[in-house]
Each structure stands twice: as C-alpha cells, then as structure tokens.
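Q: Can you walk me through reading strands, helices and loops from side-chain burial? Please put the model up.

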Amino acid sequence: MELGRASTFDVISTLPRVVIDAILVRLPFKDAVRTSILSSNWRYKWVTIPHIIFDWQCDPTGIPSSNETLKKCVNIVYQVLLRHRGSIHKFKCVNYLPSCSDFDQWILFLSGHGIKELILEFSCGDIYKLPSYFFSCQELYNLRLQHCIFKIPQAFEGFSRLKSLYLCDVVISSDELQCLISKSPLLESLTYLDYGYEHTCPKINIPDLRYLYLGGSFEVICIENTPVEELGMHKVLCCLRNVEVLRMHNQFLKFLAVGDVPEMVPNTFGHLKNLSLDVDFENGKEILAILCLFRSSRRLEELEIRACFTDSVDSDSVDSDSVVPWEAQEQRVCMLKHLRTVTMDHVTGNNSEIEFIRLLLANSPVLKTLTIDTEIYDFVSEVMFLRKLIRFRRASTQAEILFND
C-alpha cells in the first residue's frame, strides 16, 4: 500500500457473522438498526440479533409524550418483530404505554421464537394483564415484570428453566405466587416487591435459592408454608442457608425477632456475602437479631442498613438500652472478618446507632468504607455525632468513614 493513501478495505464486513452479531448486540438497539443504512450489504445484518430492547431512547424525541409519538413507537416495534429472523433470546420493553392488544400480539410472537429473557416494566398507565399464552414460554430463564396482572391458568406446567424471577407491584395471589415458585425448580434468584397492590404474603420454599429480596408492607412472610415468627430464628436461617445475597426490608427483622433470639445459629449462613435490612434501633430485639445474623454469617462482605422507626406498640419489642449490653456484645461479635463495605441510611444519631457503629468499627479488620447518610437536622447534634465517630477504635487501618448530610 502506498504511503499517504487511506485504505478503503472494509474490515468489519468481512468478519464472521457470529462476530458481527456479537458487536451489534452490544450496541443500543436503535444504533444496531441504524447500521442498515451503511450499505446494501449491511441492510439486514440487524434482523438476526437475538436481543431486542425498546425504551424511550428508541424514539428520536426521547419520550413518547404524545399519542402520535406513541403510535410511531408501537409501529417501530411491529416492524422490527416482522422483519426479525431467527430466535429472540431477550425482549425488553420499558416505559411504553401501548394498548394491551399490542402487547398481547408481541408476547404471542415471542412465545414462538424461543424467548429466554423477558423484561416488561411499566411505571404508569393501565396495569397489564398477561395473556394465557405467556405461560407457554418454556425457554424462559430470566423473567422481570412490573405493574402486571398475573393469573396462572390451570394447565400451567411451570417454567422448568427459570432461574431469576423479579416481580414489582404485580397483582398476584399468595397461592399463585407459591405455585409459580414451586413450579420453577431451578430458581436461584427471587425479588418480590409489593408497594401498592395486594400485599401478597410471600411463601418461600426454594432449597437452592442464592438471592432473595423482599420489600413491601407484608402482614406475614412464610418460609416452608409457616409464618417466620412461628418458625423461630434458628429454623429461618437454616431454610435460607444457601443464600448469598439477602435483602429484606420493612417488617422482616421484626418477624425474625419474635420470641427468644439466639446468640448465634451455627452452620447456617456460610454462603451469605451481601446483607441488606431495615433495623429499628429503638427495638432491642431487632438489634439482637441482626447481631445474631452477624455471628452466623462468617463470609459477610457487604452490609446495608436502613434505620427505621416503628411507632406502633408491640408487646414483644424491648427497649434497646435495657436489653442490649453493648460492651458484652463487642466481645462476642468477632466474626466480621470479611466485611469490606457498610452503608447506613436514615441515621438519627441515637445511642443505639452510635453503639452499633462503634461495634462495627471495632470488629471489622478488613473494612474499607463506612458510608453514613444522616437525618440529623440540628447542627450542634451533628457535630457531637461526628466527634464520637472519629474517636472510635478501628480494627482496620484502611477504614474510611464517609459522611453524607
């Protein structure tokens, strides 16, 4: 090749088709479709990529704010599905608000094209009722739904390959949720968030569960068909012994702290690495429960705590100052050998929170960051709180305290 003369050789077009598909699938879907204008050779390259993702970014205006724009977006989806060739492994549609009949047609199409990952998230508008043929998507291994109505047909045989299930504000009964879980034998990850509909009672009975996230105002949480407060802490932890990530918000720790709280439950949370909980630091039983979790979780690496306050009177709750001997607890909590990051939100600076932070700093030899978000609105109280923190002994020489007002 002569010096100074640019090469016009098209290297990308000569790549193997599998490599081109790997490139296209990593582009935003809108950009992948736009490659059709590069040349006649590229006109239909995109029609075989297995991932189809639609969100507001797929529209030139950014947000489908008008009926005309919405019709245009719906038409784009139809055109893409009609021109697509081969299997569709992933279909994601976020924040679109077409009619239910449109979605019914799309799901019918996907059910016959080997769909493996289905993500439907609607933040506003009418709630969408899943059609019966949705339950024939037997290749599904990742299902994520938000603002949908879930009615399981009697002929449903289950999702034999489903590994990850995410349900947020989905209208589903306790029996149907239990049916869905029990008929998904490979399920490893379960997220169930209910903030505005039926407050369905979650019933957890998944031996191989690795990730569990429950959030919402539940009246009761059941494990192996028995309410958590009736099982006792020892039985609950044994049932969740394979969990690696546990995120339980709102009432879970309250349920767990009913009755006698053991100092520790041996041979239970040997796999737990990430823990996220709401804690009422005015309730001594909840503090004892989370300390028991610490002693039972020898591999814990990441901890998220959201301080909360329950103003309802509970006969089983005990004032924290009267039930938690903090100096004795510090001698017992020596199991946080792998804890690296801690985040605490909604901290008000009360005595129990301060003692809890002191205990964490003194018993976490590899801790790197402790991030604290406060709700202290008095300047003097805030300064006093900070002075106490910086005087605490730190087991880790690398521990850094990050303070967010």
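Q: Which side chains of strand S1 point to one face and are buried, and which point to the other?
A: In a regular strand the side chains alternate between the two faces of the sheet. In this predicted model, S1 covers residues 51-54 and follows that alternation. Ile52 and Phe54 share a face and are buried. His51 and Ile53 point to the other face and are not buried.

Q: How many bridges join S1 to S2, and how do the strands run?
A: Look at the pairing next. Four bridges join S1 to S2, and the two strands run parallel. Take Ile52 as an example: its bridge partner in S2 is Phe91.

Q: What precedes S2, and is His84 buried or exposed there?
A: A loop lies between helix H3 (67-83) and strand S2 (90-94), and His84 is in that loop. Buried means under 20% relative accessible area. His84 has 4%, so His84 is buried. Its C-alpha atom is separated by 8.2 Å from that of Ile49, a residue 35 positions away along the chain.

Q: Now a helix. Which residues of H5 are buried?
A: H5 spans residues 174-182, with Glu176, Leu177, Leu180 and Ile181 buried.

Q: Why do these buried residues line one face of the helix?
A: View H5 down its axis. The buried residues fall within an arc of 135°, so they line one face. On the other side, Asp175 and Ser182 are exposed.

Q: Which strands do the buried residues of H5 pack against?
A: They pack against S7 (164-168), S8 (189-194) and S9 (203-204).

Methods:
Residues are numbered from 1 along each chain as its sequence is written. This is a predicted model: local features need pLDDT of at least 70, side-chain atom pairs count only at pLDDT 80 or more; totals for chains, interfaces and linings use all residues. Side-chain values use heavy atoms; hydrogens and water are left out. Buried means under 20% relative accessible area, exposed over 50%, partly exposed in between (1.4 Å probe, protein chains only). The arc is that of the directions from the helix axis to the C-beta atoms. Contact means heavy atoms within 4.5 Å. Two strands pair if DSSP finds at least two bridges between them.
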